[in-house]
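Please open the model in your viewer and keep the selection panel at hand. The stops below go from the whole chain to single residues.

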Amino acid sequence: RAAWARAGGGGRARTGVPTGRARAWVGGWGRAASGARSSGGWLGYGRAVGLWWTFDDLFHARFLLHHSPFQILASPATWRELPFRMFTPAQFLSYQADLAAFGLRPAFFYVHQLVALAAAAAAIFWVLRLWLDVFPAFAGSLLFVLGAPLIVWAQELMLRHYVEGLVWACIAVWCFVRSVRERRPALSIVSAVFYLAAMLSKEVYVPLLGVLLLLPEAEVRGR
């Protein structure tokens, strides 16, 4: 309480919203929490950079070497060559970016993977901040970083589309909620773009639209 009083010159205004230096103090804690959690994820899983190709990686590499980004995005025949029946072009475009920038050097693919995991952790934090204070949001994001799924996601490049899809989904949620609260239609368009990116990463994010409609924000018509 004493620290809060010193930071805000008396705490909160009558509206219950932090004012002046107090708001800066809270914002500083939010940025520090986000950065600390992302750094913690990197330190915890950084050894994955030393891995080589595993599981489906060589199959994906061969596929990338024989198909252009345009074919991946727009050619039905390209997708019929694959043994599975899915349409996840964002996954292969992410690999294509690594291949174009670094060649077939797996260490850089894993660096990209860890950056995506850090971005996902940060995105979860900022989505939780829409409804929670800094420390509960930090706890929720930290739970994600320390969870068993992340151990697998950090080591298996073939699962990157789940990670990046989660980042796009979180951004879609954040933009949607802000658009409803602030009555800014442009943000709802941005939300739709990131929702599309999430779906193109992995089909598990398709139901996100229903989740958005159920969020406790404004009236159903407004959502």
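Among contacts in the protein chain between residues at least 6 apart in sequence, 65% join residues at least 24 apart. The model is a predicted one, and a cartoon view of the protein chain will show 12 helices and 0 strands, so that the order of elements from the N terminus on reads α-α-α-α-α-α-α-α-α-α-α-α. If you colour the 223 residues of the protein chain by accessibility, the buried ones make up 42%.

Before going further, colour by pLDDT. The average for the protein chain is 82, and 78% of the residues score at least 70. Where does pLDDT stay under 50? Select residues 22–26, a stretch under 50 for which the model nevertheless has 11 contacts beyond four places in sequence, and then residues 32–41, also under 50, with 16 such contacts.

**The nonpolar core**

Next, select Phe92, Phe144, Trp153 and Leu166, which are the residues with the most contacts inside the largest nonpolar core, a set of 46 residues. Among the elements that give two or more residues to this core are helix H3 (57–65), helix H6 (89–102), helix H7 (106–128) and helix H8 (134–146), and helix H10 (160–182) and helix H12 (208–214) can be added to the selection on the same grounds.

Stay with phenylalanine 92 and show everything around it. Phenylalanine 92 is buried, with a relative accessible area of 0%. Once its neighbours within four places in sequence are set aside, phenylalanine 92 is in contact with His60, Phe63, Leu64, Ile72, Trp79, Leu82 and Phe84.

**The aromatic pairs**

Now display the rings of the aromatic side chains; the structure holds 10 aromatic pairs. How do the rings of phenylalanine 92 and tyrosine 95 stand to each other? Their centres are 6.2 Å apart and their planes meet at 85°, so the pair is edge-to-face. Phenylalanine 92 and tyrosine 95 are 3 residues apart in helix H6, which means that about one helical turn separates them. Tyrosine 95 has a relative accessibility of 3% and therefore counts as buried.

A second pair to select is that of phenylalanine 125 and tryptophan 126, which is edge-to-face as well, with 5.0 Å from centre to centre and 80° between the planes. Is each of its members buried or partly exposed? Phenylalanine 125 is buried, at a relative accessible area of 0%, whereas tryptophan 126, at 35% relative accessibility, counts as partly exposed.

To see ring pairs joined into a cluster, select Phe63, Trp79, Phe87, Phe92 and Tyr95 together.

**Two stops in helix H10**

Move to glutamate 164, which lies in helix H10. This glutamate 164 is buried yet has no salt bridge, and the nearest side chain of opposite charge, that of arginine 160, is 4.5 Å away. A salt bridge needs a side-chain nitrogen of Lys or Arg within 4 Å of a carboxyl oxygen of Asp or Glu, so the 4.5 Å to arginine 160 falls outside that cut-off. With neighbours within four places in sequence left aside, glutamate 164 is in contact with Ser94, His112, Ala116 and Ser201.

Then select valine 173, which also lies in helix H10. Its relative accessibility is 11%, so valine 173 counts as buried. Which residues does valine 173 touch, not counting those up to four places away in sequence? They are Val127, Leu130, Trp131, Leu208, Leu212 and Leu215. For a distance label, pick the C-alpha atoms of valine 173 and serine 188, which are 15 residues apart in sequence and 9.5 Å apart in space.

**Two loop residues with positive phi**

Finish with the backbone. Select phenylalanine 55, whose place is in the loop between helix H2 (20–45) and H3. Although phenylalanine 55 is not a glycine, it has a positive phi of about 50°. With 61% relative accessibility, phenylalanine 55 counts as exposed.

The last selection is arginine 183, in the loop between H10 and H11. Arginine 183 has a positive phi of about 55°, again without being a glycine, and at 76% relative accessibility this arginine 183 counts as exposed.

Terms used. Residues numbered from 1 in each chain as written. Heavy atoms only, no water. Core = buried A, V, L, I, M, F, W, Y, C linked by side-chain atoms within 4.5 Å. Buried < 20%, exposed > 50% of the residue type's maximum accessible area, 1.4 Å probe, protein only. Helix = DSSP H or I, 4+ residues; strand = E, 2+ residues; numbered from the N terminus. Contact = heavy atoms within 4.5 Å. Lys, Arg positive; Asp, Glu negative; His and termini not counted. pLDDT = per-residue confidence, 0-100. Phe/Tyr/Trp six-rings, centres within 6.5 Å; stacked < 30°, edge-to-face > 60°.
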